[in-house]
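Hi,

Here is the structure I said I'd pass on. Have a look at it first, and then read my notes below.

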Amino acid sequence: MARDTAPRAKNGYRHQYAIFAFMVALFLVLPYVIYPVFLMQALCFALFACAFNLLIGYTGLVSFGHAMFLGAAGYISAHAAKVWGLPPELAILAGTAASAALGLVVGLLAIRRQGIYFAMITLALAQMIFFFSLQAKFTGGEDGIQSVPRGVMFGILNLQDMMTMYFVVLAIFLAGFLLICRVIHSPFGQVLKAIRENEPRAISLGYNVHQYKLIAFVLSAALSGLAGGTKAIVFQLASLTDVHWTMSGEVVLMTLLGGMGTLFGPVVGAFIVIAMQNYLAQLGSWVTIAQGVVFVICVLAFRRGIVGELGRFLKKPL
Amino acid sequence: MFELLGISPQALFGQLLIGLINGAFYAMLSLGLAVIFGLLNIINFCHGALYMMGAFVAYLALQHLGLGYWPSLIVAPVVVGAFGMMLERTMLRHLYKLDHIYGLLLTFGLALVIEGVFRNEFGASGLPYGIPPTLSGGQNLGFMFLPNYRAWVIVASLGVCLATWYVIERTKLGAYLRAATENPTLVQAFGINVPRMITLTYGLGVALAALAGVLAAPIYQVSPLMGSNLIIVVFAVVVIGGMGSILGSIVTGFTLGVVEGLTKVFYPEASSTVIFIIMAIVLLIRPTGLFGRAH
Amino acid sequence: MRGVKSVKALGLAAAVALAAGTAQAQVSDGVIKIGVLTDMSSLYTDLAGAGSVVAAKMAVEDFGAAAKGMKVEIVSADHQNKPDVGSAIARQWYDADKVDVIVDVPNSGVALAVNEVTREKNKVFLVSGAASSALTGDKCSPNTIHWTYDTWALANGTGRAIVKTGGDTWFFITADYAFGHQLEADTSAVVKEMGGKVLGAVRAPLNTPDFSSFLLQAQASKAKIVGLANAGGDTVNSIKQASEFGIVKGGQNLAGLLVFLTDVHSLGLPVAQGLIFTEAWYWDMNDANRAFAAKFAPQDKGIHPTMIHAGVYSAVTHYLKAIEQAKNDTDGKAVVAKMKSMPTDDKLFGKGTIRADGRHIHDMYLFEVKKPDESKKPWDYYKLRATIPAAEAFRPVDKGNCPLTKS
Amino acid sequence: MRDNLARDARPAAAPAAAPMLEVKDLHAWYGESHILHGMNFDIRPGEVVTLLGRNGAGKTTTLKSIMGIVAKRTGSILFEGAETAGLASNRIARLGLAFCPEERGIFASLDVRENLLLPPQVRPGGMSVETIFELFPNLKERLASQGTKLSGGEQQMLAIGRILRTGARLLLLDEPTEGLAPVIIQQIGATLRRLKAEGFTILLVEQNFRFAATVADRHYVVERGKVVDHFQASEIEKSVDKLRNYLGV
Amino acid sequence: MAGDYILETERLTKEFRGFVAVNGVGLRVRRGSVHALIGPNGAGKTTCFNLLTKFLTPSAGRILYNGRDITRAAPADVAQMGLVRSFQISAVFPHLTLLENVRVALQKKRGKSFDFWRSERALDSLNDRAAELLAEVGLAEFAHLTAVELPYGRKRALEIATTLALEPELLLLDEPTAGMGHEDLGRVVALIKRVAANRTVLMVEHNLSVVADLSHTITVLARGEVLVEGDYAAVSKNPQVIEAYMGSGHA
């Protein structure tokens, strides 16, 4: 009688499978229509935004320094691939692990504070990582780590080929996305949801909420790292851009624009923001202005974001 | 004469003084942030952009209106303060009932817009703004050459900080402000127009940033980017001092300026990170900051 | 093709189609497409930026491409000083938009990234804006020509000339990242080689707003010359604050290791006077340059051309010449080889050559910034202290460790 | 049934004075929850009236609605004949109403003097500071201490004292005896009677009906956001059992 | 001795910025009893309660639970030791279903709370026990509604079901009947009676008839201090209590 006694919940999720299937189909077709490198970039950022959303949307913690996880993993993966000569899968894994470790340290420092305090602490710690990346030898300072070899994944997939690279990125993105879905709908996710709904009550039930938030934070950091490591392999470079605080702002923008706490929102948000950056590149500082304006409009008028508003309109969680 | 790690006491004095000057900017900016945070519960991310605007107003006033440095010290805070009040009235006001994080996001967006507009208009390489003739030159203090203008910055900002502190801690207006920080609803129920007070407070905090901008203009280039890097350091200063504490932000501002100055002598590589390291340590030992109150 | 098309549309909108003559079969898709990849929004906007697009356009016009039946298009984009953005644009240009050559690219990080993409896609990369001498050193590529200047040339020119005129003790204020370290190392080497002494150096973090602490240390060192191994805003701020602290009045001199005309303009002569540095080109040196500046400035918000703008003009001119002779723009390596084989000659840089490692060789100049009363007209900022002959101006080819030069 | 009788009887009892405050069909909400379900009552000038009721009955919400500090409210609140239901709370206060909250609202970052002098004068004729010190001598001795360092009783005196300065004629007091020692409660009772003698009109929220009986002219019983009963002061002894039932004591 | 009393406090004191809310309270809760904490508004009951459940840290004094000092323990830890509280304003997880509400508590007990890699279905094994608990408080038929849809009294029942899921040894109830109508009141009182059969209950309560009905021992607090302690009959006759509750009469 377990699952079928929950008709509401079941109905609540079925359409998500359909949307997911549509998304996968779209991503399988798109590279034949749209320039794949753009898609790969967008997918990396979509994963980054989803990881960020896992934190903000499902634990209510707003990190304003998430770039440090993207960037740190980028550096480690690039270094691993280039200097240690690791194959791409191990290089990405190394970056992911590094970000998870960084997430643990940062989380231990920051997790006891909430709201804006948490945001400012993560921002400041990210700034520390930025300066470290600028000065440390192995990161190459302003130049970054250049000409990172893409290599051959699992000894068979030659990533020099653009389409192979694309499908590997897609696979990584989907794996990350599915993991996030799983986390949200796992026993652990259930506790997170309970904490977000009523933290004092969760404490009174014996939950040490800091531990749960910390795990969510580390997971989010690790997945951001996965995105960062993949991005370094795709673009064959790791640079300061990814650890700069403006990147932390961008991921907030993507998530906010797409819809915090929605499954598909961050993906939509990331694609829009990346498209805006790419296609408005000629307009110089207007890109920044446009981003700022989108930010302001979202906060003032569309706090649910595009997908969130759509979900409310359709009365279904998206 | 003793020597400390190879630095002569003279040089050390010089460095301390220099640190105090930077501290003056930290103090003024974090003071404005503290005042705004206290009453509005908003972390004003566009504080740096408004600081930059202050410098630009001074620059433009000189270029187009022939207004020199001294009138700009009044004009720029007034203009930027008015702009701030407009932002509060039209945008921030709608966010008070929401999670504080939205205030941070909105002001972050505003910072992007303001900086983008100025960058578009004036480029990024910075514009010159001269030291006012009455303050050019300097004093040889024996252990260092102290430019008159720097001495003025210390005096002026100390004066402004103390004046702000006095107004908030010792006057009726300040009592309203402190009371409204604790319990705005009740203060309004006493017949005080709290929304207007919030607008004015935001204006005041922003005007402090603009004033710091004018003071900074002759030292640094007037550049659209001048605020964005400073602001994160100032955030760290605010976290270390304890958010919302007036005296805390002044004292921490000056102190961290000095600490940073000394780091530039002993281990310059760390001078950009030292404040963040201090922040991490303070958070571990006293999560509410050095002067913060537990809630 | 939605995405690609919209890019194209935007590109076309920004571009100028110069000729409608019959397409030449040898040129890919009938059009020579030049991509100006530059900084449109940040630190290098004034010294490169939109001006680089203007310079490229002027080069195409002056070359008379239309009359010669060559169809040339120019597109431009802002790399935002982010290597990943730069490399993404470069990839898209080469892959989707049929761009044949990328020019300018101020910011070494972005330039190194584009360098790699260009090599991979076998196109052509003509660097004017970037400083890193690695582009003709261990990162050199058969598809890249470094046109205008590099860190080694600046360090060498400035260091050598100053020590020669008696500035034999140095203290460095160095930006604390790879670029700064390189500048400091290159300059120290020259100073020591010339018999000078380096008394000390201090590493200032990037984007330090306040240099007074470091300036005090420089002052205390009693070195004759304070070398500024930094760039952009850091250079400007350190010069400005040096004047405030009376460094120059106290008998020390500042040597900028990377200073542009626009920096001097933004500092103003009262602050910048007396500053010594090396550049590859100055608009007020001869009639040809002045004529170019007169035509250029109105198109770029009154900014007079910097050496980077002139370098873009010169590089594009030489590229078009090579295409005209080779009748082929598809094989980047072949085009660059052709360019290397021809001597360069244009109205701005005069005669020169391109070395095997991709280094364009020409004279460099040591300038000193005029005192305010010496300046007679707008943008009249420099006086020439010395000419560094082409033969001495650049790093000897054997010292660069460029794989292309090892057979 | 009983309350209808009482309400109908009222105009006959005091036909002369027009109500100073008249609340008609007042509804109020906190977020989604509907707290007041049509409150009706009035106070005539110079009266002391209490609202009695259990925790959560809506007494405090009624006071807050009158002061305009509840986000959503409907119905009518006439003060001296003027509608105030749409006004912001600072405008309402300026008409001559003053509110003393249940939690007393002493500001921790203000000292006693600042707390006392904080509320602005809204009308001429407020009590002088000297008179306030005469009422509450303790306050004078502790002028320089931090507001929240006072004892509970002193805090309550400060909270009442500071609204006497303002010239407001209608005082809304929310459980002024809460958590206080009997001797202090007596002192507060005395103060309220003195204030009544000076011509203040007082709307008092109480759970302690013994205390209320010592000061008030009339009592309204509130239950689930509505007035359910009404007594004159003279009727209270007869109704003790009924009241105990209402208040659950 | 520790065997007799499950919870003891010694000179428990809490100060808020100079204001003493709880002052030297010594409380002893006998194992297996229903113990009520009463007092007029502002007497410090809720503060006291929050100290016992560790949501506040005492300024002075000690708290012993089963003879163990828990003065400095974290709230989540005391909950795991079997000391579980409810809240004044009903504490449910509003957008979870009733079943899920109870399951969250079961999850803690059965150690399935950190598994982020497993499907929610892993929790289905808890459904039977959750349904049982819901049935125990009379909510079986609403198992798939979200908690927010419940009327007030039923939310209270849900809260108790959730609390029971932890199988607490000592149940702390903060005004379980606050804001309830008569119809809900009876149901909750019956429920408390039932669950108190095999555990200790300490509750803060306003409604004296409820207290009279349920409790073995009553502690009366006034102005942060213990006024008197005893059974209902003794307490209700105490003149100090009458004064504290009824006021000082016609002074």
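Let's start in chain C, where strand β1 (residues 32-38) and strand β3 (residues 101-104) pair in the parallel sense over four bridges. If you want a spot to zoom in on, find C:Leu37, whose bridge partner in β3(C) is C:Asp104. Before you go further, please keep in mind that this is a predicted model.

Those two strands belong to an open sheet of five, in the order β2-β1-β3-β4-β5 (chain C), with parallel pairing. β2 (72-78) and β5 (144-146) of chain C each have a single partner strand, so one side of each is left without a neighbour in the sheet. On average, and ignoring direction, neighbouring strands here are turned by 20 degrees against each other.

Two helices of chain C are worth finding next. Helix α12 (residues 307-326) of chain C packs on the sheet and touches β1, β2, β3 and β4 (124-127) of that chain. The direction of α12 makes about 155 degrees with that of β3(C). Helix α13 (residues 332-341) of chain C lies across β4 and β5 of chain C, and runs at about 45 degrees to β4(C).

Now for the sheet in chain E. Six strands make up an open sheet there, ordered β7-β8-β9-β4-β10-β11 (chain E), and the pairing is mixed. At the edges you'll find β7 (83-85) and β11 (225-230) of chain E, each pairing on one side only. Neighbouring strands of this chain E sheet are turned by 15 degrees against each other on average, direction ignored.

Within it, strand β4 (residues 34-38) and strand β10 (residues 217-222) of chain E pair in the parallel sense over four bridges. E:Ala36 stands opposite E:Ile218 in β10(E), if you'd like a pair to click on. Helix α1 (residues 45-52) of chain E lies across β4, β7, β8 (170-174), β9 (200-204) and β10 of chain E. Against β8(E), that helix runs at about 150 degrees.

On to how the chains meet. Which chains share the most contacts? Of the six pairs of chains in contact, that is A and E. Their contact involves 32 residues of chain A and 44 residues of chain E. Between them, chain A and chain E bury about 3,400 Å², and carbon and sulfur atoms give 59% of that. On the chain A side, A:Pro187, A:Gln190 and A:Arg201 supply 20% of the area that chain A buries against chain E, more than any other three residues.

How many salt bridges cross the interface of chain A and chain E? The count is zero. There are, however, ten residue pairs in polar contact between chain A and chain E (both at pLDDT 80 or more). The elements of chain A that give two or more residues to this side are α1 (7-29), α6 (162-184), α7 (187-197), α8 (199-204) and α9 (209-235). α7(A) gives the most, with seven residues. By class, the side of chain A that touches chain E has 17 nonpolar, nine polar and six charged residues.

The other contact I went through is between chain D and chain B. It takes 23 residues from chain D and 18 residues from chain B. About 1,700 Å² is buried between chain D and chain B, 61% of it on carbon and sulfur atoms. In chain D, the residues that lose the most area to chain B are D:Asn90, D:Phe107 and D:Leu118, together 31% of what that side buries.

Here you do get one salt bridge between chain D and chain B: the side chains of B:Arg178 and D:Glu114 meet at 2.7 Å, N to O. Seven residue pairs are in polar contact across the interface of chain D and chain B (both at pLDDT 80 or more). On the side of chain D that touches chain B, the elements giving two or more residues are α3 (89-96), α4 (112-117) and α7 (152-164) of chain D. The largest share, four residues, comes from α3(D). That side of chain D, facing chain B, has 16 nonpolar, four polar and three charged residues.

Finally, two pairs that don't meet. Chain B and chain E do not touch, and their nearest C-alpha atoms are 10 Å apart. No contact joins chain C and chain E either, with 33 Å between their closest C-alpha atoms.

Cheers

Definitions and conventions:
Residues numbered from 1 in each chain as written. Chains lettered and ligands numbered in written order. Predicted model: local features only at pLDDT ≥ 70, side-chain atom pairs only at ≥ 80, totals over all residues. Heavy atoms only, no water. Contact = heavy atoms within 4.5 Å. Buried area = accessible area lost by both parts, 1.4 Å probe. Salt bridge = Lys/Arg side-chain N within 4 Å of Asp/Glu carboxyl O. Polar contact = N/O pair within 3.5 Å; in protein donor to acceptor, adjacent residues only side chain to side chain. Nonpolar A, V, L, I, M, F, W, Y, C, P; charged D, E, K, R; others polar. Pairing = 2+ DSSP bridges. Axes fitted to C-alpha atoms, helices over the stretch in contact; angles between N-to-C directions.
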